[in-house]
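The exercises below are to be worked with the sequence and the coordinates open side by side. Each task is followed by a stepwise solution.

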Amino acid sequence: MELTLFQNDISVSAKVKLAKKGDKEAFQSLIWENKDSMYRIAKTILTVEADIEDAISEAVLKAYINLQTLKNNKYFKTWLFRILINECNTIHRKKSKEIIDPNVLKGTTFNENFQNFEVKDAVNTLDDSLKTLVVLYYYEDLTIREISSLMDIPEGTIKTRLSKARHKLYQLLKEEK
């Protein structure tokens, strides 16, 4: 009960400030608020559930250890997502060097409750870079500026890639009808 009250009554900046002072409950609250988004982001880059869990765990640990380096507390979410994306990319690079039987991945499930499976399937066919942008922009409601900062890509490039992704999705969904 107290955690729920704590989550709703204090702003992100205030929670980060408390967490920087060593309040573990404040840090847990920040992670709890972002756990679903973290999963969706990791799922766009990685396919194996164990890798997703590893990436999220490593990102949370690195965020906890390096919390003092966060300059502007209100950007905690963007900062956390950047750490997560870096962790996912590290795991993805390591896994891409391994020889894996594609049948191993067939048993993995996507336990996210998207309402439109046609859209989900279409998004999953996009290149990884476009898929990540679509998830960050449309599912996580990050602004183009936040995505630009998070991924270290110019805003104009983000807009162009989102436009390209929308066009591809339109074509894919049009073909299915």
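**Exercise 1. Surroundings of V16**

Task: Which residues does V16 touch, not counting residues up to four places away in sequence? Place V16 in its helix and decide whether V16 is buried or exposed.

Solution.
Step 1. With residues up to four places away in sequence set aside, V16 touches L30, L67, L70, N73 and F76. The model used here is a predicted one.
Step 2. V16 belongs to helix α2, which covers residues 12-20.
Step 3. The relative accessible area of V16 is 0%, and buried means under 20%, so V16 is buried.
Step 4. A further C-alpha to C-alpha distance can be read off: V16 and A26, separated by 10 residues in sequence, are 7.0 Å apart in space.

**Exercise 2. N73, seen from the other side**

Task: Where is N73 placed, and with which side chain does the side chain of N73 make a polar contact?

Solution.
Step 1. N73 sits in the loop between α4 (49-65) and α5 (76-96).
Step 2. The relative accessible area of N73 is 17%; the cut-off for buried is under 20%, so N73 counts as buried.
Step 3. Beyond its neighbours within four places in sequence, N73 contacts V12, S13, V16, K17 and K20.
Step 4. The side chain of K20 is the polar partner: a polar contact of 2.8 Å joins it to the side chain of N73.

**Exercise 3. The chain as a whole**

Task: How many helices and strands does the protein chain have, and what percentage of its residues is buried?

Solution.
Step 1. Nine helices and zero strands are found in the protein chain. Along the sequence the pattern reads α-α-α-α-α-α-α-α-α.
Step 2. Of the 177 residues in the protein chain, 37% are buried.
Step 3. For contacts between residues at least 6 apart in sequence, 64% join residues at least 24 apart.

**Exercise 4. Packing of α3 and α7**

Task: Describe how α3 packs against α7, giving angle, axis distance and crossing.

Solution.
Step 1. Two packed helices are described by the angle between their axes and by the distance between those axes.
Step 2. Helix α3 (residues 24-45) packs with α7 at an angle of about 165°, and the axes are 9 Å apart.
Step 3. Angles over 145 degrees count as roughly antiparallel, so α3 is roughly antiparallel to α7.
Step 4. The crossing of the pair α3 and α7 is right-handed.
Step 5. On the α3 side the residues are R40, I41, T44 and I45; they meet D128, K131, T132, V135, L136 and Y139 in α7. By class, the residues of this contact are five nonpolar, two polar and three charged.

**Exercise 5. Packing of α7 and α8**

Task: What are the angle and axis distance for α7 and α8, and which residues make the contact?

Solution.
Step 1. Helix α7 (residues 128-139) and helix α8 (residues 144-151) pack at about 135°, with axes 10 Å apart.
Step 2. Roughly antiparallel requires an angle over 145 degrees and roughly perpendicular one of 65 to 115, so α7 and α8 are oblique to each other.
Step 3. α7 passes α8 in a right-handed crossing.
Step 4. The contact involves T132, L133, L136 and Y137 from α7, together with I144, I147, L150 and M151 from α8. Its residues comprise seven nonpolar, one polar and no charged.

**Exercise 6. The loops on either side of α8**

Task: What are the phi values of D141 and D152, and are these residues buried or exposed?

Solution.
Step 1. D141 lies in the loop between α7 and α8, and D152 in the loop between α8 and α9 (155-176).
Step 2. D141, not a glycine, has a positive phi of about 55°. D152, also not a glycine, has a positive phi of about 60°.
Step 3. Exposed means over 50%; D141 has a relative accessibility of 61% and so counts as exposed. D152 is exposed as well, with a relative accessible area of 62%.

**Exercise 7. S148 in α8**

Task: Which backbone oxygen lies 2.5 Å from a polar side-chain atom of S148?

Solution.
Step 1. S148 is part of helix α8. Its relative accessibility is 13%, so S148 counts as buried.
Step 2. Apart from neighbours within four places in sequence, S148 is in contact with I153, P154, E155 and I158.
Step 3. The oxygen in question is that of I153, at 2.5 Å from a polar atom of the S148 side chain.

Methods. Residues are numbered from 1 along each chain as its sequence is written. This is a predicted model: local features need pLDDT of at least 70, side-chain atom pairs count only at pLDDT 80 or more; totals for chains, interfaces and linings use all residues. Side-chain values use heavy atoms; hydrogens and water are left out. Axes are lines fitted to C-alpha atoms, for helices over the stretch in contact, and angles run from 0 to 180 degrees between N-to-C directions. Helices (H or I, at least four residues) and strands (E, at least two) are DSSP runs, numbered from the N terminus. Angles under 35 degrees count as roughly parallel, over 145 as roughly antiparallel, 65 to 115 as roughly perpendicular and the rest as oblique. A crossing is left-handed if the near helix is turned anticlockwise from the far one by less than a right angle, and right-handed if clockwise. Contact means heavy atoms within 4.5 Å. Ala, Val, Leu, Ile, Met, Phe, Trp, Tyr, Cys and Pro count as nonpolar, Asp, Glu, Lys and Arg as charged, and the others, Gly among them, as polar. Buried means under 20% relative accessible area, exposed over 50%, partly exposed in between (1.4 Å probe, protein chains only). A polar contact is a pair of N or O atoms within 3.5 Å; within protein, one must be able to donate a hydrogen and the other to accept it, and residues adjacent in sequence count only if both atoms are side-chain atoms.
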